[in-house]
Amino acid sequence: MSDQATQVSSNKEKVNVVGTHLQNNGYHDSLPPYDSEKMIKEFLRQPPSKAVDENLLEFSEAMRSVAKALRRVSEGKASAQAEAAEWKRKYELEREKNLQQKHKGEVTEGLQNHSDQENSSIEQTDKCCGKHGICSHEVLRDDIMVSKTKFIHDLAMRKAPFKLLWGCNGGKNGQHKHDVVSFEKGNITAAARSSKQISLKWESHPQTVLILTKPNSTPVRVLCAEMVRWLKDIKKIDVIVEPRVKAELLAENSYFNFVQTWEDDDEILLLHTKVDLIITLGGDGTVLWAASMFKGPVPPVVPFSLGSLGFMTPFQSELYRDSLDTILRGPISITLRHRLQCHVIRESAKDELDTEDPILVLNEVTIDRGMSSYLTLLECYCDNSFVTCVQGDGLILSTTSGSTAYSLAAGGSMVHPQVPGILFTPICPHSLSFRPLILPEHVTLRVQVPFNSRGHAWASFDGKDRKQLSAGDALICSIAPWPVPTACLVDSTNDFLRSIHEGLHWNLRKPQSSDGPRDH
Ligand SMILES: NC(=O)c1ccc[n+]([C@@H]2O[C@H](COP(=O)([O-])OP(=O)(O)OC[C@H]3O[C@@H](n4cnc5c(N)ncnc54)[C@H](O)[C@@H]3O)[C@@H](O)[C@H]2O)c1
Ligand SMILES: Nc1ncnc2c1ncn2[C@@H]1O[C@H](COP(=O)(O)OP(=O)(O)OP(=O)(O)O)[C@@H](O)[C@H]1O
């Protein structure tokens with residue numbers, strides 16, 4: 001016999017050995033399937049004969065399929081056995097407990113006692129559940145009361161009860177976190193969050209609209225006059241504008257005498273009590289301007305696009321009649337845009353109770369080196385933990401709405417505006433490893449200029465109102481309780497994706513052609 005023939009014959013013998021085992025053993029084999037599979041694998045690991053025998057290759061393929069099938073059968077068998085064993089175990093456990101109870105003659109009384117015990121544990125539960133936590137007793141109790149079966153009762157009693165606590169260091173923040181987790185039969189589950197697409201439904205017809213416009217723009221001025229007429233004559237709605245805009249309207253025509261405005265800036269503080277809807281005519285800057293006018297609650301904002309980028313302005317000005325008709329009728333999908341509230345704490349006044357008024361930002365607060373040519377040095381803390389020391393041009397603390405503005409330019413991620421969080425994005429850090437962070441919405445951040453800083457730092461708020469921060473001064477920043485509700489053209493997600501596609505040309509690339517190399 002030639003070498004090749006000997007090799008083929010020996011391989012065939014091995015195949016026969018495997019085949020015999022398979023034949024003899026079937027599924028209830030004395031040689032378990034994984035042994036057969038092992039043998040097949042060993043056989044397949046043999047070096048191939050020099051001249052490739054095609055039949056042998058085909059046969060080895062077939063063997064591979066057989067091995068796979070055997071593995072599946074054995075896995076299936078094992079899991080069925082495990083399931084059967086579990087049911088048997090449960091049945092025996094239950095039976096044993098029933099027998100014990102019967103023996104003691106406590107079947108009926110026992111149930112009563114258990115229910116009494118439960119009631120006393122419920123009382124304890126009520127005591128132990130603070131207003132900032134949920135205790136698992138509460139859920140287990142419901143389960144036990146509703147369920148009449150002793151089996152479930154016993155299972156529930158075996159689980160160690162626990163409670164969740166939150167808001168320990170803030171207290172006031174505790175309430176809204178009930179959204180994040182819920183209990184179901186004593187297990188922690190992710191709850192349906194309040195940040196799903198939100199819809200606003202008018203309960204009575206909107207009466208008063210505030211129109212805010214970008215200054216020094218003729219198209220804006222023309223559209224504003226036309227819109228005011230339409231709102232008053234057709235929709236019978238009262239209109240409020242800024243003093244500058246009222247003067248412009250009156251210069252055009254005395255017809256606009258009915259338009260309301262304010263004389264004293266203090267009146268702006270009360271605007272939210274009478275305005276049903278804010279309309280902005282301009283770009284993103286006008287939306288930021290509108291938000292900055294409201295230090296507390298903000299009425300829904302309908303942003304019409306008359307700017308260059310218009311990331312937050314989904315409504316087309318040419319279609320204002322249709323859009324406003326739909327919005328005044330409702331319901332409207334809205335995006336709740338979170339804001340940051342920022343306090344500047346001066347070293348010189350750190351022991352005084354009165355600090356400067358908080359500043360609310362819709363995009364971001366930036367702490368940078370301003371005119372100084374020195375590296376900015378900023379110590380950052382998150383709640384009570386040290387975060388890092390920024391050495392570079394500065395730091396951006398941004399909302400998720402602002403994630404597509406300055407923070408994006410500094411390398412921060414783009415985040416859906418409905419995600420509650422604070423972006424922590426360095427500006428030109430002089431370090432190879434300073435990646436941007438996104439922190440949860442409940443934290444308080446403190447950015448402090450250390451005493452060894454060579455220069456001052458400057459804080460600016462939505463790109464405006466620069467404030468100098470000297471050594472020892474700090475900026476405290478957290479999510480504000482008053483978000484800015486902006487009307488959506490479609491919904492929050494659709495509007496966001498449309499903005500990043502159209503405004504930023506996100507991930508625009510020529511599509512690859514289908515010809516050329518392929519896997520198959
Ligand atoms: N390097 C930068 O990218 C840089 C520098 C300074 C300020 N800004 C941004 O400008 C904002 C102020 O805007 P402005 O209109 O008053 O000033 P601006 O007139 O200087 O416009 C800045 C640009 O940022 C765009 N923009 C603003 N907010 C945005 C957002 N949330 N998403 C996407 N783009 C947005 C505007 O459409 C505009 O094109 C600041 O809050 C800051 O985010 C960016
Ligand atoms: N009612 C207003 N009063 C004073 N300033 C305003 C008002 N509305 C907008 N601004 C300011 O005018 C500037 C330009 O406005 P806006 O960003 O809306 O227009 P744009 O720059 O043409 O548009 P885009 O931001 O889309 O590029 C911004 O700095 C903004 O703060």
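A polar contact here is a pair of N or O atoms within 3.5 Å. Keep that cut-off in mind for both ligands. The model is predicted.

**Stop 1: ligand 1**

Select ligand 1 and G285. An oxygen atom of ligand 1 sits 3.4 Å from a polar backbone atom of G285, so this pair falls within the 3.5 Å cut-off. Next, pick T404. One of its polar side-chain atoms is 2.7 Å from a nitrogen atom of ligand 1. Then add Y406. Here a backbone N or O atom lies 3.1 Å from an oxygen atom of ligand 1.

How much of ligand 1 does the protein bury? Taken alone, ligand 1 exposes 780 Å², and the protein buries 64% of that. Two elements, α10 and α12 (406-409), each give two or more residues to the shell around ligand 1. Helix α10 gives the most, with 3 residues.

Now show the whole shell. There are 16 residues around ligand 1. D284, N363, E364, T404 and A405 come nearest. Color the shell by class: 7 residues are nonpolar, 5 polar and 4 charged.

**Stop 2: ligand 2**

Move to ligand 2. Its surroundings also hold 16 residues. Which of them come nearest? They are T213, K214, G283, T286 and S308.

Draw three distances:

- From T286, a polar side-chain atom to an oxygen atom of ligand 2: 2.6 Å.
- From K464, a polar side-chain atom to an oxygen atom of ligand 2: 2.9 Å.
- From D284, a backbone N or O atom to an oxygen atom of ligand 2: 3.4 Å.

Ligand 2 alone exposes 610 Å², of which the protein buries 72%. By class, its shell has 3 nonpolar, 8 polar and 5 charged residues.

**Stop 3: helix α10**

Select residues 284-293, which form helix α10. This helix supplies the largest share of the shell around ligand 2, 4 residues. Helix α10 also gives the most to the shell around ligand 1. Keep D284 highlighted: D284 is among the residues nearest to ligand 1, and its backbone makes the 3.4 Å pair with ligand 2.

**Stop 4: T366 in strand β14**

Select residues 364-368, strand β14, and find T366 in it. Is T366 buried or exposed? Its relative accessibility is 1%, so T366 counts as buried. Show its contacts, leaving out residues up to four places away in sequence. T366 touches L395, I396, Y406, I427, W458, A459 and S460. Y406 is familiar from Stop 1, where its backbone pairs with an oxygen atom of ligand 1.

**Stop 5: helix α8**

Select residues 243-252, helix α8. Its buried residues are V245, K246 and L249. Look down the helix axis. The buried residues of α8 fall within an arc of 100°, so they line one face of the helix. What covers them? The cover includes β6 (208-213), α7 (218-233) and β7 (238-241). Strand β6 includes T213 at its end, and T213 is one of the residues nearest to ligand 2.

**Last stop: the whole chain**

Zoom out and switch to cartoon. The chain has 13 helices and 23 strands. Of its 520 residues, 40% are buried. Take the contacts between residues at least 6 apart in sequence: 66% of them join residues at least 24 apart. Finally, turn on the surface. The chain exposes about 30500 Å², and carbon and sulfur atoms supply 53% of it.

Conventions. Residues are numbered from 1 along each chain as its sequence is written. Chains are lettered from A and ligands numbered from 1 in the order in which they are written. This is a predicted model: local features need pLDDT of at least 70, side-chain atom pairs count only at pLDDT 80 or more; totals for chains, interfaces and linings use all residues. Side-chain values use heavy atoms; hydrogens and water are left out. Buried means under 20% relative accessible area, exposed over 50%, partly exposed in between (1.4 Å probe, protein chains only). Contact means heavy atoms within 4.5 Å. Accessible areas come from the Shrake-Rupley method with a 1.4 Å probe; for residues, only the protein chains shown count as cover. A residue is near a molecule or strand if one of its heavy atoms lies within 4 Å of it. A polar contact is a pair of N or O atoms within 3.5 Å; within protein, one must be able to donate a hydrogen and the other to accept it, and residues adjacent in sequence count only if both atoms are side-chain atoms. Ala, Val, Leu, Ile, Met, Phe, Trp, Tyr, Cys and Pro count as nonpolar, Asp, Glu, Lys and Arg as charged, and the others, Gly among them, as polar. The arc is that of the directions from the helix axis to the C-beta atoms.
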